[in-house]
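Reader: I should like to learn how features of a protein model are read from its coordinates. May we begin with a single residue and then widen the view?

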Amino acid sequence: MYHKVNPDPRTGGLGLRVPPDKFEWQMKYLKQNGYESISLTDVLDHFQNGKTLPHKPIVITFDDGYQDNYDFAYPIMKKYGYTGTIFVVSQAIGKTNFYDVQKKLQPENKIMAWPEIKELDQAGFVIGAHTVDHPHLARVAPEVAKYQIEESKRALEYGLKKPVEVFAYPYGSYNDQVAEITKAAGYRAAVTTELGLAKPTSNPFQIHRIRVTGHYSNHQFIEELHKY
Ligand SMILES: [Zn+2]
């Protein structure tokens, strides 16, 4: 689970920002150690329908849809033959992370516009939904959660002209009811910020991830990759 990939400290702290040189080292490590990138729906097809996966499969995800994913992460991933999944906040497309700026959680960051999102989609990346304006879904009324989950799917499908099947809970905020609403909205899977690997026994609407922060040394990255 990545967020920003950016060399500029003004774009935010290392909790959400991995500098590109570190990110490149990580991609190179994955490549040299035989990891192959797959999509979240490949994981589900494997668990649910027995689809064959590569020997060392990995899903590389990015939350929020930052412009730096296109500017810095994409060229590096292309170099190593990797694709990823980017969870985009539909109302932020072509704008900024206004939802975090308003709450004074993060500095203002550019969010990709449709041309970048469409190019990544064409390049084999998967675009997933991440609500309309990034609320804590477990803290809002069920009708609001339903709107956020359904409308973001609709808006992305309208722009991409293809089904949007995966979702990420903003701030990792969800509960059983939110997970049910996500399932009922027609998604196939949703990821949380809980730490761990996807397993055959995982609830498809509560998929865990491995967090990568900019604080990690190369050694720590390898440890995080293997500790679950
Ligand atoms: Zn987010």
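Reader: Is A168 buried or exposed?

Author: The model is a predicted one. Burial is judged by counting neighbours, and 20 or more other C-beta atoms within 10 Å is the cut-off for a buried residue. A168 has 28 other C-beta atoms within 10 Å, and therefore counts as buried.

Reader: Where does A168 lie, and which residues does A168 touch?

Author: A168 belongs to strand β8. Leaving aside residues up to four places away in sequence, A168 touches D63, F87, G128, H130, A190 and V191. Separation along the chain and separation in space are distinct quantities, as one pair shows: A168 and Q206 lie 38 residues apart in sequence, while their C-alpha atoms are 9.4 Å apart.

Reader: In which sense do β8 and β9 pair, and over how many bridges?

Author: Strand β8 (residues 166-168) pairs with strand β9 (residues 189-195) in the parallel sense, over three bridges. Within this pairing, V166 stands opposite A189. The connection from β8 to β9 passes through helix α7 (residues 176-184), forming a right-handed β-α-β crossover. Strand β9 is also joined to strand β10 (residues 207-209) by two bridges, again in parallel; here V191 has I207 as its bridge partner.

Reader: Through which helix does the chain cross from β5 to β6?

Author: Consider the pairing before the connection. Strand β5 (residues 61-64) and strand β6 (residues 85-88) are parallel and share four bridges, with T61 opposite T85. The chain crosses between them through helix α3 (residues 67-79), and this β-α-β crossover is right-handed.

Reader: Why do the buried residues of a helix such as α7 line one face?

Author: The general idea concerns helical periodicity. An α-helix has 3.6 residues a turn, so residues three or four places apart point the same way. In α7, the buried residues are V178, A179, I181 and T182. Viewed down the axis of α7, they fall within an arc of 160 degrees, so they line one face of the helix. On the other side of α7, D176 and A184 are exposed.

Reader: What do the buried residues of α7 pack against?

Author: Those residues pack against α6 (142-160), β8 and β9. After α7 comes G186, with a positive phi near 105 degrees.

Reader: Which residues of α5 are buried, and which are exposed on the face turned away?

Author: Helix α5 (residues 114-122) has E116, I117 and L120 buried. Seen down the axis of α5, these fall within an arc of 100 degrees, so they line one face of the helix. The face turned away from that buried side carries the exposed residues W114, P115 and Q122. The cover over the buried residues of α5 includes α3, β6 and β7 (126-129). Just after α5, G124 has a positive phi of about 100 degrees.

Reader: How many helices and strands does the whole protein have, and how compact is the protein?

Author: The protein has eight helices and ten strands. Its radius of gyration is 16 Å, close to the 17 Å that the globule rule gives for 228 residues, so the protein is as compact as a globular protein of that length. The C-alpha trace spans about 45 × 45 × 30 Å along the principal axes. Buried residues make up 40% of the 228 residues. Of the contacts with a separation of 6 or more, 59% are between residues 24 or more positions apart.

How values were computed. Residues are numbered from 1 along each chain as its sequence is written. This is a predicted model: local features need pLDDT of at least 70, side-chain atom pairs count only at pLDDT 80 or more; totals for chains, interfaces and linings use all residues. The radius of gyration is taken over C-alpha atoms; the globule rule is 2.2 Å times the number of residues to the power 0.38. A residue is buried if 20 or more other C-beta atoms lie within 10 Å of its own, exposed if 12 or fewer, and partly exposed in between; C-beta atoms are placed from the backbone. Two residues are in contact if their C-beta atoms, placed from the backbone, lie within 7 Å. Two strands pair if DSSP finds at least two bridges between them. A crossover is right-handed if, with the strands pointing away from the viewer, the path from the first strand over the helix to the second runs clockwise. The arc is that of the directions from the helix axis to the C-beta atoms.
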